[in-house]
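Trainee: I'm new to this one, so could you walk me through it piece by piece?

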Amino acid sequence: MKLYFIETKNTDPRLRALYQKAFPEKERIPFYELDILPGSHFYGVYKDPHANEFVGLLDILDYKQICQVRYLATEESCRGQGIGSKILDWIKENRKDSVIVIDVESDSVPCDNLDQRISRKQFYYRNGFCASEDSYQWHGDAFDLLTANGTLKKGEYVQLWKELFVLLKERQSAQNYL
């Protein structure tokens with residue numbers, strides 16, 4: 001099965017619906033802000049774009065040889081067909097020179113969805129990702145970092161986001177000035 005990745009500006013309503021359904025509200029940024037950071041790429045994923053066979057979404061952020069997979073989801077009706085693995089293969093093929101980072105909810109803290117967290121982490125391990133020594137807290141939850149195509153140094157992920165927030169503030173200041 002071949003997949004097609006179409007970079008978009010969030011215009012397909014199926015993208016918004018899947019985004020809202022697949023990710024808890026506290027883990028989502030506003031949909032219209034998905035492409036606001038430098039290096040942001042938002043894709044609709046299709047089996048056949050001509051037949052409009054939508055199967056998923058992918059949001060990645062490229063910055064300084066790091067490719068962070070911020071959001072990856074497949075349509076519920078398409079799960080279990082290997083689509084998620086094919087999306088990860090596409091990322092690894094198209095970002096060969098970058099360390100690919102995925103953050104997942106930690107399975108080492110008390111939670112209501114422990115089985116789901118373990119299953120999600122195992123999926124990434126089966127697809128060539130390894131545990132990183134880095135983790136972080138966000139909106140009251142703990143996240144572990146997994147990597148492929150290399151590793152991150154301790155603290156490198158947090159530094160990446162500090163730099164990105166500075167760039168974002170500078171961009172917003174420049175727009176306000178104009």
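What follows is a short chat about the sheet, the helices and the rings.

Trainee: Before we start, what kind of model is this?
Mentor: Residues are numbered from 1 along each chain as its sequence is written, and side-chain values use heavy atoms, with hydrogens and water left out. Local features need pLDDT of at least 70, side-chain atom pairs count only at pLDDT 80 or more, totals for chains, interfaces and linings use all residues, and the model is predicted.

Trainee: Which strands are the edge strands of the sheet?
Mentor: Helices (H or I, at least four residues) and strands (E, at least two) are DSSP runs, numbered from the N terminus. Seven strands make an open, mixed sheet in the order E1-E2-E3-E4-E5-E7-E6, where pairing takes at least two DSSP bridges between two strands. Those that pair on one side only are the edge strands, E1 (4–7) and E6 (130–138).

Trainee: In E7, what is the bridge partner of isoleucine 102?
Mentor: Look at strand E5 (residues 99–105) and strand E7 (residues 141–148), which pair in the antiparallel sense over six bridges. In E7, the partner of isoleucine 102 is leucine 146.

Trainee: What span should helix H2 have, at 1.5 Å a residue?
Mentor: The expected span is 1.5 Å times one less than the number of residues. H2 (residues 83–94) has twelve residues, and its end C-alpha atoms are 16 Å apart, which agrees with the expected 16 Å.

Trainee: Is tryptophan 161 buried or exposed?
Mentor: Buried means under 20% relative accessible area, exposed over 50%, partly exposed in between (1.4 Å probe, protein chains only). Phenylalanine 165, at 47%, is partly exposed. Tryptophan 161 has a relative accessibility of 15%, so it counts as buried.

Trainee: How are the rings of tryptophan 161 and phenylalanine 165 arranged: stacked, edge-to-face or tilted?
Mentor: Rings of Phe, Tyr and Trp (its six-membered ring) pair if their centres lie within 6.5 Å; planes under 30 degrees apart are stacked, over 60 edge-to-face, and the rest tilted. The structure holds 14 such aromatic pairs. For tryptophan 161 and phenylalanine 165, the centres are 5.6 Å apart and the planes at 45°, so the pair is tilted.

Trainee: Which residues does tryptophan 161 touch, not counting those up to four places away in sequence?
Mentor: Tryptophan 161 sits in helix H4, and its C-alpha atom is 11 Å from that of leucine 37, 124 residues apart along the chain. Contact means heavy atoms within 4.5 Å. Leaving out those sequence neighbours, tryptophan 161 touches Leu37, Leu61, Gln68 and Arg70.
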